[in-house]
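Reader: I have a structure open and would like to talk through some of its helices. Could we begin with what a term means and then turn to the residues?

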Amino acid sequence: MDNLFIAAACLLAGLLLHRTGRMPEGADRALAGVVIQISAPAVAFLAARGMPLTLEILLPGSMAWIVFAGGLAFFGLARRLLGFSRQTFACLMLSAALCNTIFIGLPMVEAFFGPQYAYVAFLCDNPGTSLVLALPGVLLATHFSARAEHLAGVSLSTRLWPSLRRVLAFPPLQAMLLGLALRSVELPAWLLAGLGRIGSTLVPLALLSVGLGMRFRLPGGSAKALACGLAFKLAVAPALMWLVAALVLGNTGMVARVTVFEAAMPPMILGAILATDHKLDPDLAALLVGIGTP
């Protein structure tokens with residue numbers, strides 16, 4: 001219960017601090033940097049040392065790919081039935097077909113299930129959400145972008161390599177790989193305890209950062225697309241993962257439950273940024289994140 005209180009209090013505090021102007025401009029990005037560079041790597045390193053190396057970990061590792069494929073079918077059908085533009089379809093795929101598995105998912109997993117299941121959140125993110133964004137996500141963005149004609153002569157490797165390089169340079173991924181490499185090495189208790197203390201800052205700082213960055217707007221003409229995107233992300237996606245885990249694989253254990261929980265996380269912030277950068281319905285991208293997160 002204390003973790004849930006911390007999570008809710010920090011999210012609300014971020015909202016209030018933003019509304020009252022008591023934090024400097026860009027404070028949300030500064031806190032996000034601390035989480036990515038310091039807090040999350042400590043958690044990832046410890047999680048990698050303790051996670052079970054069984055076939056069960058393939059489920060969280062494949063979650064983002066399953067949800068993205070489900071989004072392709074769902075939003076493809078919605079585009080035909082509701083007449084969405086190419087840009088709106090691409091925005092829905094980049095935002096609502098991808099999960100916020102780290103900034104919302106990781107602290108929520110710690111709050112609801114405990115830090116012993118943090119490794120599931122990292123597996124959902126890598127090789128899951130981050131790779132989906134870097135590979136099919138980048139290709140989809142460039143294909144549907146208004147600038148697509150300018151990229152016609154650019155090779156596939158040139159388009160994808162910068163994104164893959166960012167994935168490989170992601171500090172939590174590097175820390176997780178280091179933790180796996182040192183699983184059999186006995187490390188001093190003071191080091192592990194210190195990393196645990198550093199990692200304990202993740203939940204409050206991540207949710208404070210999210211609260212500071214939240215912006216609320218009325219949907220206007222994007223109401224239909226917004227409802228479609230949030231219906232998929234917050235209801236259809238976790239239902240799809242439950243069907244795969246429970247009915248197809250017959251797995252209803254804790255790893256499967258945490259994976260379904262991660263599939264219910266809100267639209268991905270980085271995906272929305274990618275959509276905005278490529279001029280793929282940026283107003284809808286902002287709404288999906290701003291309304292979907294709370």
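Author: Certainly. A residue is called buried when its relative accessible area is under 20%, and exposed when that area is over 50%, with partly exposed in between. Please keep in mind that this is a predicted model.

Reader: Then is S39 buried or exposed?
Author: S39 has 1% relative accessibility, so it counts as buried. It is found in helix α2.

Reader: What does the side chain of S39 make a polar contact with?
Author: The partner is the side chain of T201, at 2.7 Å. Setting aside residues up to four places away in sequence, S39 touches V34, I198, G199, T201, L202 and L205.

Reader: Staying with α2, at what angle do α2 and α8 pack?
Author: The angle is about 30 degrees, and the two axes lie 7 Å apart. Here α2 covers residues 27–50 and α8 covers residues 171–181. Angles under 35 degrees count as roughly parallel, so α2 is roughly parallel to α8.

Reader: Which residues make that contact?
Author: From α2 the contact uses I36, Q37, A40, P41, A44, F45, A48 and R49. From α8 it uses P171, P172, A175, M176, L178, G179 and L180. Sorted by class, the contact of α2 with α8 has 12 nonpolar, two polar and one charged residues.

Reader: And is the crossing of α2 and α8 left-handed or right-handed?
Author: The crossing of these two helices is right-handed.

Reader: New topic: how far apart are the axes of α6 and α12?
Author: Their axes are 10 Å apart, and the helices pack at an angle of about 55 degrees. Helix α6 comprises residues 118–144, and helix α12 comprises residues 254–263. An angle between 35 and 65 degrees falls outside the parallel, antiparallel and perpendicular ranges, and α6 and α12 are therefore oblique to each other. Their crossing is right-handed.

Reader: Which residues are involved there?
Author: On the α6 side they are Y119, V120, A121 and C124, and on the α12 side V255, V258, T259 and E262. By class, the contact of α6 with α12 has six nonpolar, one polar and one charged residues.

Reader: Let us look at T259. Is it buried or exposed?
Author: T259, in helix α12, has 1% relative accessibility and so counts as buried. Its side chain reaches the backbone oxygen of V255 at 2.7 Å.

Reader: What is T259 in contact with, leaving aside neighbours within four places in sequence?
Author: The residues are L59, P60, M63, V120, C124 and M241. In addition, T259 and A245 are 14 residues apart in sequence, with their C-alpha atoms 8.8 Å apart in space.

Reader: Back to α6, then. What does L131 count as?
Author: L131 lies in helix α6. At 22% relative accessibility it is counted as partly exposed, because buried would require a value under 20%. Not counting residues up to four places away in sequence, L131 touches W65, D125, P136, L164 and V167.

Reader: One last helix: how many residues of α4 are buried?
Author: Eight of the 10 residues in α4 (residues 86–95) are buried, and the helix is mostly covered. The buried ones are T88, F89, A90, C91, L92, M93, L94 and S95.

Reader: What do those buried residues pack against?
Author: They pack against α3 (58–82), α6, α11 (223–248), α13 (269–277) and α14 (282–292).

Definitions and conventions
Residues are numbered from 1 along each chain as its sequence is written. This is a predicted model: local features need pLDDT of at least 70, side-chain atom pairs count only at pLDDT 80 or more; totals for chains, interfaces and linings use all residues. Side-chain values use heavy atoms; hydrogens and water are left out. Axes are lines fitted to C-alpha atoms, for helices over the stretch in contact, and angles run from 0 to 180 degrees between N-to-C directions. Helices (H or I, at least four residues) and strands (E, at least two) are DSSP runs, numbered from the N terminus. Angles under 35 degrees count as roughly parallel, over 145 as roughly antiparallel, 65 to 115 as roughly perpendicular and the rest as oblique. A crossing is left-handed if the near helix is turned anticlockwise from the far one by less than a right angle, and right-handed if clockwise. Contact means heavy atoms within 4.5 Å. Ala, Val, Leu, Ile, Met, Phe, Trp, Tyr, Cys and Pro count as nonpolar, Asp, Glu, Lys and Arg as charged, and the others, Gly among them, as polar. Buried means under 20% relative accessible area, exposed over 50%, partly exposed in between (1.4 Å probe, protein chains only). A polar contact is a pair of N or O atoms within 3.5 Å; within protein, one must be able to donate a hydrogen and the other to accept it, and residues adjacent in sequence count only if both atoms are side-chain atoms.
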